[in-house]
Amino acid sequence: MDFSLPTEPMNHKRKNPDPSPDSDESTTQLSSPFPDEVLERVLSLLNSRKDRNSVSLVCKDWYDAERWSRTHVFIGNCYSVSPEILTRRFPNIRSVTLKGKPRFSDFDLVPPKWGAYVHSWLLVFATKYHFLEELRLKRMTVSDENLKLLALSFPNFKALSLLSCDGFSTDGLASITTHCKNLTELDIQENDIDDKSGKWLSCFPENFMSLEVLNFANLNSDVNFEALERLVSRCKSLKVLKVNENMTLEQLHRLLVLAPHLRELGTGSLLQELTPRQHSELKSAFNNCKNLNMLSGFYEVTSIFLPVLYPACTSLTFLNLSYAALRSDELSNLLVHCPLLQRLWVLDSVEDEGLEAVGSNCPLLEELRVFPASDPFEDEILHGVTEAGFLAVSYGCKKLHYVLYFCRQMTNAAVATIVQNCPDFTHFRLCIMNPRQPDYQTNEPMDEAFGAVVKTCTKLRRLAVSGLLTDLTFEYIGKYANNLETLSVAFAGSSDRGMECVLKGCPKLRKLEIRDCPFGNAALLSSFRKYESMRSLWMSGCKVTMDGCRLLAQEMPRLNVEVIRECGNDGFQADKLYVYRSVAGPRKDAPSFVLTL
Amino acid sequence: MSVPLEHDYIGLSSEAVPSMEGSERSSSGGLNLNLKATELRLGLPGSESPGRDNGVGVLKSLLVVSGAKRGFSDAIDGGSGKWVFSGNGGSEAELGKGGNLFSPRSVNGGGKGGGCECNNQNTGLGSPVLKDGVVPPPSPKPLQEKKPQLSAPAAKAQVVGWPPIRSFRKNSMATHSPKNDDDAEGKSGSGCLYVKVSMDGAPYLRKVDLKTYGSYMELSSALEKMFSCFTIGQCSSHGVPSRDGLNESRLMDLLSGSEYVLTYEDKDGDWMLVGDVPWEMFTESCKRLRIMKSSEAIGLAPRAMEKCKNRN
């Protein structure tokens, strides 16, 4: 949860704005020196969730002022609070962000129909938040009916963002585009969606002009291009346009000519052959895009195409090539034109040489994500990237603070050097793709690598570990990672002690997700009070038993201790455990395979 | 530094790994254990092996894969340049990648166990990344004595949700395989027909785009390059002999003539011999390909013929 909730929700009425001399007790109490509306005005300028939490704890007046002035709420776990409690406390919300399933559901570890239904939230919002403008959902289950309800219930609705959600189809999107007259943002990313057709795009009314963000990059059905063209030409404020891979270069060109003011562009598939005239036309269209900060898409791209982009790259800060299997030379040639790059996502097809080019050309780089180009278990073995690539980047990019790196080999020495070069890491996510792979040079565990990370990077907030790791890694983490908020662990550790060390240390830990580690009941129960200060704990494939979970549930009644029971399970082991704090009590919508203890 | 305890977690005690000298640990059986572990069995790893609790089953499949890989790579002449081992070139490095190591429970969703430690023993190579088709010299191992026969789907016991990539991205990887050297530029984005090709004994699948071939012969030679050690036999050289497809004698020639045959799974889920229908019909109905040992394929022939007859 991001807002601190006292155990009993306070339900103060709005104070009289003009306290008269014979008014109630409020004037005789120690109250804030400001009239409420001034305080509210001041607090309405606060956007940071942390600040708002702090403010709400000062005194009752401030608590009240804060709750009346809050317009945006972020709920990191939709089951931590109920829509009733939420709407009771915050009456004036315009924007809601809701996250549902545990993150490991992205990797198929959570069975379907687990929950995280937006339905109950929308029902309450429809009555309590009539002026809702924005809804951002991540890992929630959304149905077409929900989307229709959304479209019809909120006349001011502006922004819808669906990331990693499931349960709906393009028909649901059609409801949104048909009815939301004030829509500014439609962002549909990486959802498990029933992609029936692209008709939803044609449902925007002909006089509709307010769109600023449109992202349908992950939808496969064709949209009517003429409808899109008309839409783009009408929406003069369009800043973000990310099309799907069916868009041809010719169509892309036409869109660019209509919207040279774009800040973010997602291209389609770039495989078509271009005549020289088309080539130069496209290049000049890109040249006219002076505001382009971000480029993405690039599904299938040939070397011939890339130079067309060069003029547009001069102001680029974010380049997402994670769907384009570029070679090192192709990346290298492209990066020469991107001196201002701050964020780069690539596939490991660029190999270490490509990453050397990153180090040489992108001194302002802050974030690097390297994804595997092919399924390492399925496809031919490509070179991928090694520690050498990461090292090269660390030498050249001193501002690097966010890394997600999928590789096939790593050494302790390399990581130690990397964090020496870049001590400001806030997010260090290293995935050595072979589970339990040691330092390939010394054959030792990777303990010292992550030890170096947590000792050197004092600002570290997020860490994902991999490779062969003993409990020593977790001793280091518990001892040194004082700002760590999220820790992801897989196939690591030697005994309960590992997890115990983490739970005893890491004062700011909020999310702990563990899979396939030898941690059992002793570890789980070692610091059970800690779980109340955390958002959630996930443990799957570990050694925890049902009895251990029951004990935890007994000791900590304000935690929801849920076990996902899989078929074939003997009822003794707790294969998948999800523990989270909640003021809403146990789930009422849990499916039969989720046991709340 | 002695190898720490975690090796035992999945029961994969290091003494069982063949190339480890075994001096640091108390060994129980040492090499004998290895040999026993390499006995061929069909079915999922660990399903019937003794000492399952020690994870020997996992070990067995691991070693079997290693053996397969070694034997397989020996057959590659490195011509295609694609069979390059990243990492330090040790086969152990590939063991993990083979993905066959993981206990069946993992397949059912995040169960216990899961990887194997990867002892990269072949550290004789200084540079970590091998390029350009250099295949590391095979080191002698007891594993190579038997060439394993893995039924294609069962052998790929992968870890669920690993590596941790979102399903959306994984699916995109499946449809957009990375560019390779013989990528023809003329392929427009419209309609690729990727099918997986597995080969008995090979530790990984490949994918081919059927639309890039115009005939069985093209497919055959492409697959030949890819897998380098099978022949489609007489099938390709004759193309489609008649409207009725291959007659029985031709099939028999095919089967007796070569070690491997090419089969495919059609839309009905039946496994058929490649070559018995016209090419276009084949590309439309083929869901996946499998290069099968001809001894295993004998049973297919009559069915293929029957299906042919039924079609006519």
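**Exercise 1. Describe the surface and interior of chain B.**

*Solution.* Start with the outside: chain B exposes about 13200 Å², and carbon and sulfur atoms supply 51% of it. Such areas come from the Shrake-Rupley method with a 1.4 Å probe, and for residues only the protein chains shown count as cover.

A quick note on the model: it is predicted, local features need pLDDT of at least 70, side-chain atom pairs count only at pLDDT 80 or more, and totals for chains, interfaces and linings use all residues. Residues are numbered from 1 along each chain as its sequence is written, chains are lettered from A, and side-chain values use heavy atoms, without hydrogens and water.

Now go inside. Of the 312 residues in chain B, 54% are buried (under 20% relative accessible area, with a 1.4 Å probe and protein chains only). Chain B has 13 helices and 5 strands, which are DSSP runs (H or I, at least four residues, for helices; E, at least two, for strands) numbered from the N terminus.

**Exercise 2. Describe chain A in the same terms.**

*Solution.* Step one, the surface: chain A has an accessible surface of about 22400 Å², with 52% belonging to carbon and sulfur atoms. Step two, the interior: 62% of its 597 residues are buried. Step three, the elements: chain A holds 20 helices and 25 strands.

**Exercise 3. Work out how helix α15 of chain A packs against α14(A).**

*Solution.* First find the helices: α14(A) covers residues 387–396, and its axis comes within 9 Å of that of α15(A), crossing at roughly 15°. Axes are lines fitted to C-alpha atoms over the stretch in contact, and angles run from 0 to 180 degrees between N-to-C directions. The pair is therefore roughly parallel (an angle under 35 degrees).

Next, list the contact (heavy atoms within 4.5 Å). From α14(A) come E387(A), F390(A), L391(A), S394(A) and Y395(A), and from α15(A) A414(A), T417(A), I418(A) and N421(A).

**Exercise 4. Repeat this for α15(A) and α16(A).**

*Solution.* Helix α15(A) spans residues 412–421 and α16(A) residues 447–456; they pack at an angle of about 10°, with axes 7 Å apart. The two are therefore roughly parallel to each other.

On the α15(A) side, N412(A), V415(A), A416(A) and V419(A) take part, meeting D447(A), E448(A), A449(A), A452(A), V453(A) and T456(A) of α16(A).

Definitions and conventions
Angles under 35 degrees count as roughly parallel, over 145 as roughly antiparallel, 65 to 115 as roughly perpendicular and the rest as oblique. Buried means under 20% relative accessible area, exposed over 50%, partly exposed in between (1.4 Å probe, protein chains only).
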